[in-house]
Amino acid sequence: AARRLRIGLVVESMTGGRPDPEVAAAVESAAALLADLGHHVEPTRWPVDGMQFGRDFGAYWASGAAADAAAVAERLGRQPTEDDLELFSLAMAGRTANLPPGALDEVITRLRAVAGTYDRWFENQDVVVSPVLGSPPVPLGWVSGNVPIETLGERLAACVGYTSLHNVAGAPAM
């Protein structure tokens, strides 16, 4: 490139977790290569409160599962069971029943505000380098909708703690 990039490096997940050592080493190696090529690489921090963002993202995700479950219920003429939907989808759909009135609207408002916060993050950097997954590729079925809910939740949090912000912000990524 004709101009050197300002590259933000973030290795921790949005909730502060460290990725698998193999993943951390790969990301740090890529950052070192970029620096060797003349780019300015500097550590950065996620631009949002990762814990609040995670709760909001989870609530919004659950609302999608609830809408899907409601559509299935309408089509079947009864509430769906685990014969109709994966256990994870049923559990996520059930999470919205515990939200107080208006809570989902507040979640959506906060998530919409993330795009502006995300854009401002790039006032001091051109790109961000981070892991995509917190671990090397997992075996098929390890994050299946039929894994017990508590186990699946832990596995998902450990694996995909890097991409949801980019998704919500509508950001390009590779």
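## Helices and strands in the model

A helix, in this report, is a DSSP run of H or I with at least four residues, whereas a strand is a run of E with at least two. By this definition, Ala32 belongs to helix α1. The structure described here is a predicted model.

The protein contains six helices and three strands. Read from the N terminus, these elements follow the order β-α-β-α-α-α-β-α-α.

## Overall dimensions and contacts

Along the principal axes, the C-alpha atoms of the protein occupy a box of roughly 60 × 35 × 25 Å. Of the 174 residues in the protein, 32% are buried. Among the contacts with a separation of 6 or more, 81% are between residues 24 or more positions apart.

## Helix α1 and its two ends

Helix α1 consists of 16 residues, from 21 to 36. The distance from its first C-alpha to its last is 22 Å, close to the 22 Å expected at 1.5 Å a residue.

At the start of α1, a side-chain oxygen of Asp20 lies within 2.8 Å of the backbone nitrogen of Glu22. After the helix comes Gly38, which has a positive phi, near 105°.

## The two faces of α1

Which residues of α1 are buried? They are Val23, Ala24, Val27 and Ala31. These residues lie on the same side of α1 because they cover an arc of only 100° around the axis. An α-helix has 3.6 residues a turn, so residues three or four places apart point the same way. The buried residues of α1 pack against three strands: β1 (6-9), β2 (40-43) and β3 (127-129).

The face turned away from the buried side carries exposed residues, namely Pro21, Glu22, Leu33 and Asp36.

## Ala32

Is Ala32 buried, exposed or partly exposed? Buried means under 20% relative accessible area and exposed means over 50%, with partly exposed in between. Ala32 has a relative accessibility of 38%, and therefore counts as partly exposed.

Ala32 is separated from Leu152 by 120 residues in sequence. In space, the two residues are 34 Å apart, C-alpha to C-alpha.

## The crossover from β1 to β2

Strands β1 and β2 run parallel and are joined by four bridges. The bridge partner of Gly8 is Glu42, in β2. Between these strands, the chain passes from β1 through α1 to β2, forming a right-handed β-α-β crossover. Helix α1 is thus part of this crossover, and its buried residues pack against both of the strands that it links, as well as against β3.

Notes. Residues are numbered from 1 along each chain as its sequence is written. This is a predicted model: local features need pLDDT of at least 70, side-chain atom pairs count only at pLDDT 80 or more; totals for chains, interfaces and linings use all residues. Side-chain values use heavy atoms; hydrogens and water are left out. The expected span of a helix is 1.5 Å times one less than its number of residues. Buried means under 20% relative accessible area, exposed over 50%, partly exposed in between (1.4 Å probe, protein chains only). The arc is that of the directions from the helix axis to the C-beta atoms. Contact means heavy atoms within 4.5 Å. A polar contact is a pair of N or O atoms within 3.5 Å; within protein, one must be able to donate a hydrogen and the other to accept it, and residues adjacent in sequence count only if both atoms are side-chain atoms. Two strands pair if DSSP finds at least two bridges between them. A crossover is right-handed if, with the strands pointing away from the viewer, the path from the first strand over the helix to the second runs clockwise.
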